[in-house]
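User: Hi! Could you take me through this protein and tell me what stands behind each term you use?

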Amino acid sequence: MTRPVKTAVFGTGSWGTAFAMVLADAGCDVTLWGRRAELADAINSTHTNPDYLPGVELPATVRATADVAEAAADADFTVLAVPSQTLRGNLAEWAPLLAPDTVLVSLMKGVELGSAMRMSEVIEDVTKVGEDRIAIVTGPNLAREIAARQPAAAVVACRDEAVAQRLQVACHTPYFRPYTNTDVVGCELGGAVKNVIGLAVGIADGMGLGDNTKGSLITRGLAETTRLGHAMGADPLTFSGLAGLGDLVATCSSPLSRNHTFGTNLGKGMTLEETIAVTKQTAEGVKSCESVLDLARRHGIDMPITETVVGIVHEGKPPVVALKELMSRSAKPERR
Ligand SMILES: NC(=O)C1=CN([C@@H]2O[C@H](COP(=O)(O)OP(=O)(O)OC[C@H]3O[C@@H](n4cnc5c(N)ncnc54)[C@H](O)[C@@H]3O)[C@@H](O)[C@H]2O)C=CC1
Ligand SMILES: O=C(CO)COP(=O)(O)O
């Protein structure tokens, strides 16, 4: 008899926990690693994650631990779900303990500050594992909705299609439908930049602007994401798929999105400090807007919405002024 697929999920936040549930529902053996032993104990004794997904019952087969070696041992898939800006430091500690042939899977949607690296690049840089053993899972997957087992599609991307197919099987459930893709650059960029556009749409919502503004920001946001992706070697069609448009629509429509909510608070007039103080979870776009703009400059790409978000979030520009500047740029053809 073949043994079940063994998975380790690093990060007991909302998405790490919800994805652990998906893997368990798909029949995998799951160990969830978290920094705090008390939370791991609470997960094991109550089969809930009271801090990040209160009220959601987890399958009894999800076991939590605060011991890295215990979680990592023999894992076929090692799933990483920590904030993008801490990944490098976390992985440096974990790398010696990872199972030798494990596939590393990023759930993260950010770009590293300073290096402007995507998460799969950080993983490759720290662990020296080849890109054929690094995969990502992305798409319109708000953790709370997945935890409620509401139907959603996703993308599992890996340069090695056979690896993507193995991961697809490992996380396929009646409510979670993963598609494979080999365009890792495009899928990963779609997930990271949609957080920045989600901030922009949230700001507009907070300012009391309506659906024309939202539709315009989503569409032009996708256009600038695609421009950057094309320059970075991604397939432009990826951005009309789940990792691009799909995720953008979910994030920009949902009050569950932390990036959207963060933007709404700024648009209502809260300061950055006040907004950070009321944000209990990771809103990746807040830091990644700067690294996405860095990427755009490195590739010589114009990303006006991203630049506007950086202006509001990090340069203290009032949203009304920033929006006026965005709208008064010179007129141009749509496909540019
Ligand atoms: N929540 C969601 O709906 C989705 C989130 N994502 C992505 O998943 C990633 C993780 O997000 P969430 O789980 O939602 O965030 P979260 O804020 O709910 O949880 C973050 C987790 O990382 C841990 N953590 C924080 N600092 C750490 C450090 N220095 N070292 C180790 N662990 C640390 C926290 O204790 C917590 O367990 C992000 O990149 C996010 O963009 C992707 C899809 C959906
Ligand atoms: O990535 C997400 C949904 O796919 C979650 O978005 P937030 O991080 O903005 O909550």
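Analyst: Happy to; below are the ground rules, then the fold, the domains and the ligand. This is a predicted model, where local features need pLDDT of at least 70 and side-chain atom pairs count only at pLDDT 80 or more, while totals for chains, interfaces and linings use all residues. Residues are numbered from 1 along each chain as its sequence is written, and chains are lettered from A and ligands numbered from 1 in the order in which they are written.

User: What makes a stretch count as one of the helices or strands, and how many are there?

Analyst: Helices are DSSP runs of H or I with at least four residues, and strands are runs of E with at least two, numbered from the N terminus. By that rule the protein has 15 helices and eight strands.

User: How do you know what radius of gyration to set the protein against?

Analyst: The radius is taken over C-alpha atoms, and the globule rule is 2.2 Å times the number of residues to the power 0.38. For 336 residues this puts a compact globule near 20 Å; the protein has 19 Å, so the two agree. Its C-alpha atoms fill a box of roughly 65 × 40 × 35 Å along the principal axes.

User: Why is a residue called buried, and what share of the protein is?

Analyst: A buried residue has 20 or more other C-beta atoms within 10 Å of its own, with C-beta atoms placed from the backbone (exposed means 12 or fewer, partly exposed in between). Of the 336 residues, 51% count as buried.

User: Where do the domain bounds come from, and what makes residues of the two domains count as in contact?

Analyst: The bounds come from an automatic or database domain assignment, which gives domain 1 (6-182) and domain 2 (185-327). Contact requires C-beta atoms, placed from the backbone, within 7 Å. On that basis 27 residues of domain 1 are in contact with 29 residues of domain 2. On the domain 1 side, β7 gives the largest share, four residues.

User: What makes a residue part of the shell around ligand 1, and which come nearest?

Analyst: The C-beta atom, placed from the backbone, must lie within 6 Å of the ligand. Of the 25 residues around ligand 1, G13, W15, M108, A143 and Q281 come nearest. Helix α1 (residues 14-25) supplies the largest share, three residues. Domain 1 and domain 2 each contribute at least three residues to this shell.
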